[in-house]
Structure formats: structure tokens, C-alpha cells
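Please open the model in your viewer and keep the selection panel at hand. The tour goes from one selection to the next and says what is to be found at each stop.

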Amino acid sequence: QVPQARPFYDCLARRFCTEGAGVLELIRGAFILVVRTGRTVHLARDGAGNRTVFYGRCKTRWLFGIEPKAITAVPAFAKRIRPAALAQYLACSFVPGSGTMLQDLFELPAGTAVSLRAGAEPDLFRWFRFEVEERPPAEATTDCQVAASSADDAVWIKRFRAEMERAVAERIPRNEPVSLFLSGGLDSSVIAAELARQIGGRNVRTWAIHFGKKYHHELDFARAVADRCGTIHEEVHIRPRHFLPRLRQMVWHLDDPIGDPITQPNFELAAHVAGESGFIFNGEGGDPCFGGPKNIPMMLHHWYGGLTRRPNFRERHYLQSYRRAWEEIDCLLSDEVRSQIDVARDLDGVFAPYLRATHPRLFLNRLTAINIREKGAHLIQPKVERMLGAHGLTPLAPLFDERIIRFSFEMPARMKLHRGIEKVILKRAYEDELPAGVINRPKSGMRVPVHYWFRSELRRYARRILNPREVRRVGLFNPERVKQLLSYDIEEGRGRYGLRLWMLITFELWRRIVVERETV
């Protein structure tokens, strides 16, 4: 937006018109590019998906905006819920792929450009292809090869430290306070250590959330990291009675429903930090790029999943690994909605291109590609962008840097996962700068106690939003199954009542706000 940047924009637009989407490789960081040539509009999204852009079909016209609100606000745009998206949402807690919860409304995938012309189908081109960086595996079978492998590991660790140093340094804001959401997990702890090394711990403010000392929390780990790095640390207590009046506002900012319960605490923490700093570092990207909690069970199932295997056995196991509401699809959706869903097409079909691909060759890298392109770009990045942006904050995620993503495929797979240990390279690179308890602990994750809240503080609210008369009127869900969830009364399988109720309430609030235009 500054005048001196105009020549760069003009040059970029000219090169895009003459050289095509390949010129986007020259740009790093969070961006959305819009170029118009004649009657055609070209949109491009940054490689990691730090920013979002949507486009929608309205009769013969195409509309676009950085938020769906810009499209759904057009009176002629028909807001029809897509049945397949409902099933995807229940299985994953977000809508993967380029589709959204509404028909004819699409989210541009990360690292992709699309050309839109009235009356024509969209023309998509993926320009960010990090999978090609995959390194052929080398087996260490002799003593000499083992020694060479150890020396090779040291080189990769040194390269990773250099990449992290650069990714963090480029994001440190000038003349602004530096803040970090510090969960106590490995990823945000690594960012804390790198920030402290570069600018000094006393120049960094760290923030941790908890839900009360009686619930699971990671305050001790976050506090240990803050003490080790010397940051100015603060703990924020999140309670339902505080966020419930703002729940509808949070859903409005989400645009497309996201059923991950951590969204509301993120929203509340951003509200608390607003005014202290305009830029907030986070550890997002560590799981997608270097090893998420699904990788080990997925690989075990890939190798030892039984003698009789159906063609879609990997896709089904991947959907189950989300541990959301995959098992609820047949029970929870109404007969009418369920009749319009083809599981092989609408669910297996989203992940089959990754799991059945010939490249990347390694199965672990195929899982990494899913996590970056789907969970990263359609869940993690939009969630963080929306929750912080609602309070005027800009998220900074060094682990989602495009060069870090490429590096994760270039390095040997053993540096991601080795003998059951995940994120090997992060742990070895920062083992001397972080507490041993943080380095050696298994993945835990932020556990939001919705299971307990819906039996106490959120019980009345849930019954009001999901009352049987309204559920029956809308016709999307089976009111009897909703009633069982509200009563914590399911005999088969794992109930996971709190998580599933949170997903239902998030969706229902979104439906009322977007489809029925209720006020926020």
C-alpha cells in the first residue's frame, strides 16, 4: 500500500501476465495476489496458506474476496448448504479441500492460482510443489554407513537451525513489542528459544492459557520454558461464563465453521493480548511439517493393518484418526442429507490423491503433504488468521515458512520420525536451549475441557441451541441422536460427547448467522 511499493506491484503484474504463475515462486510470506487481464481475473494464494481467498459462482458471474462474507453478502448468491461438506465437517471438524460448507463457494488451496472468467469454469494451477524436494532414502546397514548417517544428521540439524534463524528473524517486527503464544508444547517452545537467542528473553512477552487448575493444563511446561528463556510471562484463565456472550461473534469471524474447541480460547487470548502488540508469534506448523499425532498410528496401520484390505482402507483409517465424529455420520445426519452423500466420493475421495500418490514415495511424506495442504491450509491457518485478525492482530508462524516446508521434504525422513520419536530434528536442534522435560515429553496437545463444560456450565446453553423442535425444523440432523448426545447417552463406541456437541453448536450458530441472517 505504500507509494514506493507500487513499482514492485506493477512489475509483478507484468511478469505474471507474461510468465504465468511460475513467477509466484519469487514471492515469500503471506500474500494474496489479484491480477486482471481483460475480462479474466487471476487469484493466487501464498504457498503455505497464511492468507485465505475465496471465490463463488453467482449465476454466470464469479465473485471473490478474502472472506466468504464478501460473497455471501451479495443478494443474488444462493446460500445452500452442501451435504458432502456436512459429512466432511463431522469427520474432520473442518471442511477439507477447495469446497466450503456452501454450494458454489470455494476456498483457493494454498500455493495455487486460479483464473476466473464470466461464463467459464475456473482454471486452477498449483505453483507451490514442495513434494518434489523429497530426498531418496538411504539405508544404514554397516558401521561405516551408520557413522556417515550420524555425520549427515549433524549437517541437517545445522541447516535446520539456519532456516529457523532466518524464518524467525524475517518476522520480528520493527519498533513493535514481540509476543508469543506459548502453549508449553515443543513447537512454540522452539520459537521462544529462537526469539530469546536473537533479541533477548526480556524483550519477549509470552502468553499461556488454561481452563482452571482442576483441568488438564500445561502451565508448568510453559512456565519452565519462559523461565529458561527469560521471557516476560503471563497466564490467562479462560472460563465459559466469560466467553459465552462472545461465542456467536467468534463463529461470525470464522466464516466457514471450524469445530475445533481451541478456536474460542484462541479468540479470547487474542482479545486479552490486543493492545499489547500487533504481531503474535506462534508454533503452528510444527505438527504438519515435522510430525503430527496421526503419523505413528497411520504408519502402523499402513504396515500391519491386517491381511484383508479393502481398496480404501487407508482413507477410512485416516478419517478415523481425526477422532472427531466419523462414527456419527450415519447416526447423526438426517435421512435426507445422508441419501445425498457418497462416502467414497465425498470423504475417501478428498484424501485418496495423497495416500495413493506415487510421489512423494515415502508414506510418511504423503501424510506430511496431507497435513500441510489440508489441515494446515484449511484448518490451522484460517483459524489462527481469523481469531487473531478479529482483534487487529497479525499471526507470525515461522514453522509455516515456505522454505521450512520445502526443507521438511528435503531432509531424511528419520529426522521427522525415528523409533517412535516424532519431530526428531526440532528436539535435537534445541535440546541445549530448552528444559529436558519439554524436549522429552510426548505430544499432548491443548485439551479444552468441553466434555465437562457441557455437563455443567454449558449444559443449559447447549440444550437451548440444539432444542429438538429447531433441529427437526432445519432437517439436517437426527433429533433423536442429538438428544442422546445432550444426555451423554450413547452405548456404542466412544461418546466424545463434549467435542461432538461443540461441533454441532458451532455449526448451528454459523448456519443461523450465515444462512438465516440472524444478528451477531
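Begin by selecting Trp 303, which in this predicted model lies in helix α11, the helix that covers residues 295-304. If you then add Leu 300 and Tyr 304 to the selection and switch on a surface, you will see the nonpolar surface patch that these two residues make together with Trp 303, with an area of about 400 Å².

From the nonpolar patch, turn to the charged side chains, for which a search of the whole structure finds 49 salt bridges. Select Asp 255 and Lys 69 and display the distance between their closest N and O atoms, which are 2.5 Å apart in this salt bridge. The pair links distant parts of the chain, since Asp 255 sits in the loop between α8 (247-254) and α9 (263-273), whereas Lys 69 belongs to helix α2 (residues 69-72), 186 residues apart. Is Asp 255 buried or exposed? With a relative accessible area of 6%, Asp 255 is buried, because it falls under the 20% cut-off.

Now extend the selection to Arg 51, Glu 67, Glu 385 and Arg 386, which, along with Lys 69 and Asp 255, are linked in a network of salt bridges.

Next, select Arg 80 and Asp 104, whose salt bridge has its closest N and O atoms 3.3 Å apart. Here too the pair links distant parts of the chain, with Arg 80 in the loop between α2 and α3 (83-92) and Asp 104 in the loop between α3 and β5 (105-107), 24 residues apart. Arg 80 counts as partly exposed at 40% relative accessibility, and Asp 104, with a relative accessible area of 25%, is partly exposed as well.

Move on to Arg 356 and Glu 315, whose side chains meet in a salt bridge at 2.8 Å, N to O. Arg 356 lies in the loop between α15 (343-355) and α16 (363-389), while Glu 315 is part of helix α12 (residues 313-321), so the pair ties together parts that are 41 residues apart in sequence. Glu 315 is buried, its relative accessible area being 1%.

Finish with the cysteines by selecting Cys 58 and Cys 229. Cys 58 counts as buried at 4% relative accessibility, and Cys 229 is likewise buried, with a relative accessible area of 10%. How many disulfides does the structure hold? The structure holds 0 disulfides, so there is no pair of cysteine sulfur atoms within 2.5 Å to be displayed.

Definitions and conventions
Residues are numbered from 1 along each chain as its sequence is written. This is a predicted model: local features need pLDDT of at least 70, side-chain atom pairs count only at pLDDT 80 or more; totals for chains, interfaces and linings use all residues. Side-chain values use heavy atoms; hydrogens and water are left out. A salt bridge is a side-chain nitrogen of Lys or Arg within 4 Å of a carboxyl oxygen of Asp or Glu. Helices (H or I, at least four residues) and strands (E, at least two) are DSSP runs, numbered from the N terminus. Buried means under 20% relative accessible area, exposed over 50%, partly exposed in between (1.4 Å probe, protein chains only). Patches are made of residues with over 30% relative accessible area and no salt bridge: like charges are joined within 9 Å, nonpolar side chains (Val, Leu, Ile, Met, Phe, Trp, Tyr) within 5 Å. Accessible areas come from the Shrake-Rupley method with a 1.4 Å probe; for residues, only the protein chains shown count as cover.
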